[in-house]
Amino acid sequence: MKKVILITGISSGFGKHMAKLLAENGHSVYGTVRKLTLTDDLVHQLKMDLTDLASIQNTVSTVMLREGRIDVVINNAGMHSGGPIETIPFETIKLQMDTNFLGMVHLTREILPVMRKQGGGTIINFSSIGGLMGLPFQAFYSAGKFAIEGFSEALRMEVKQFNIKVILINPGDFHTSNSINRRNFLAPTDDSDPYQAQFGKSLAAIEKDETNGWKPEILARKMVRIIECKNPRQRYIIASFEQKLAVLLKYILPGKWFRRILEDHYKIH
Ligand SMILES: NC(=O)c1ccc[n+]([C@@H]2O[C@H](COP(=O)([O-])OP(=O)(O)OC[C@H]3O[C@@H](n4cnc5c(N)ncnc54)[C@H](OP(=O)(O)O)[C@@H]3O)[C@@H](O)[C@H]2O)c1
């Protein structure tokens, strides 16, 4: 059945591929961008910045005016900051939280009355493996994703009565524009910083994982199946076997053992 779908952040990565595939499958797809560009006519572009509440409200009212309903919202857009907790400027920490967490909260709060009145809907929130375990030198990214986890788990129970489903997506490493767009603080060559040596080694491990990551098309295809299935699960971890195993180990191993595995992976000795 054709659905009206709103996806945030379709200029690159997951958003771009999900929007295209869902539109090709016959859904009515609205995707948000910060800069309007010429693209596929199948996907309707709307200008929205997650740090600007008025643009979020405008996006929801535009889709409602054109379609009269919104069946699925995919809170996909996000940014990524990297660096030592001590070094990352506070404005970047704030921007990270305003974009990845509070922006998603604003859009969700605009969508809830729409979905309640129409008798239901699906909200899909993009977390990460980093939303299930704190990642060194990605602390504020991880913290924002942990916040999305707690928010989504609570929301799911509050809106069950209105037939609104809340799904969490935890991607592992994928090769998107995420790495290029990441704001890194402290260049790995800046030896005036006491974290320089460690950050350099850990950043190399982070970038290696991302470069060897899966193609975003794989996730987009999985998302189409999730959106079109009648009874979706409440969480999907879309990741390699090793990354899924890491999530399992976090819950079954003593904390110190699991921390050593992560430290080894991120070259922290
Ligand atoms: N790639 C991975 O390995 C990975 C792993 C786990 C989770 N994720 C999550 O998956 C989601 C998509 O990431 P991606 O890998 O596809 O990254 P990406 O290629 O960098 O795409 C991010 C999208 O978010 C948009 N965006 C950034 N800041 C925004 C703002 N203030 N307002 C509105 N839109 C904004 C970007 O638009 P502009 O072009 O305007 O910047 C872009 O369209 C994110 O939530 C990310 O945390 C990714």
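1. A good place to start reading this predicted model is the pairing of Asn125 with Leu168, since Leu168 in strand S7 is the residue that Asn125 has as its bridge partner. That pair belongs to a longer contact, for S6 and S7, the latter spanning residues 164–171, run parallel to one another and are joined by six bridges. Between these two strands the chain passes through helix H4, residues 139–159, and the resulting β-α-β crossover is right-handed.

2. Strand S6 also pairs with strand S4, residues 72–75, again in the parallel sense, and here the number of bridges is four. To find one of these positions in the structure, look for Val73, whose bridge partner in S6 is Ile123.

3. How many of the six residues of S6 are buried? The strand covers residues 121–126, and six of its six residues are buried. In a regular strand the side chains alternate between the two faces of the sheet. In S6 both faces are covered, with Gly121, Ile123 and Asn125 buried on one side, and Thr122, Ile124 and Phe126 buried on the other.

4. Turning to the ligand, the model places 27 residues around it, and the closest of them are Ser11, Ser12, Arg34, Asn76 and Thr176. By residue class, this shell consists of nine nonpolar, 14 polar and four charged residues. Helix H1 (13–24), helix H4 and helix H5 (178–181) each contribute at least two residues to the shell, and H4 is also the helix through which the chain crosses from S6 to S7.

5. Which atoms of Thr176 and Asn76 lie close to oxygen atoms of the ligand? For Thr176, an N or O atom of the side chain is 2.6 Å from a ligand oxygen, whereas for Asn76 a polar atom of the backbone is 2.7 Å from a ligand oxygen. Gly172 likewise takes part through its backbone, where an N or O atom is 3.4 Å from an oxygen atom of the ligand. As for how far the ligand is enclosed, taken alone it exposes 900 Å², and the protein buries 92% of that area.

6. A last point concerns Leu102, which is found in helix H3, residues 90–118. Is this residue buried, exposed or partly exposed? Its relative accessibility is 38%, and because this value falls between the cut-offs of 20% and 50%, Leu102 counts as partly exposed. Along the chain Leu102 and Ser152 are 50 residues apart, while their C-alpha atoms are separated by 13 Å in the model.

Notes. Residues are numbered from 1 along each chain as its sequence is written. This is a predicted model: local features need pLDDT of at least 70, side-chain atom pairs count only at pLDDT 80 or more; totals for chains, interfaces and linings use all residues. Side-chain values use heavy atoms; hydrogens and water are left out. Buried means under 20% relative accessible area, exposed over 50%, partly exposed in between (1.4 Å probe, protein chains only). Two strands pair if DSSP finds at least two bridges between them. A crossover is right-handed if, with the strands pointing away from the viewer, the path from the first strand over the helix to the second runs clockwise. A residue is near a molecule or strand if one of its heavy atoms lies within 4 Å of it. A polar contact is a pair of N or O atoms within 3.5 Å; within protein, one must be able to donate a hydrogen and the other to accept it, and residues adjacent in sequence count only if both atoms are side-chain atoms. Accessible areas come from the Shrake-Rupley method with a 1.4 Å probe; for residues, only the protein chains shown count as cover. Ala, Val, Leu, Ile, Met, Phe, Trp, Tyr, Cys and Pro count as nonpolar, Asp, Glu, Lys and Arg as charged, and the others, Gly among them, as polar.
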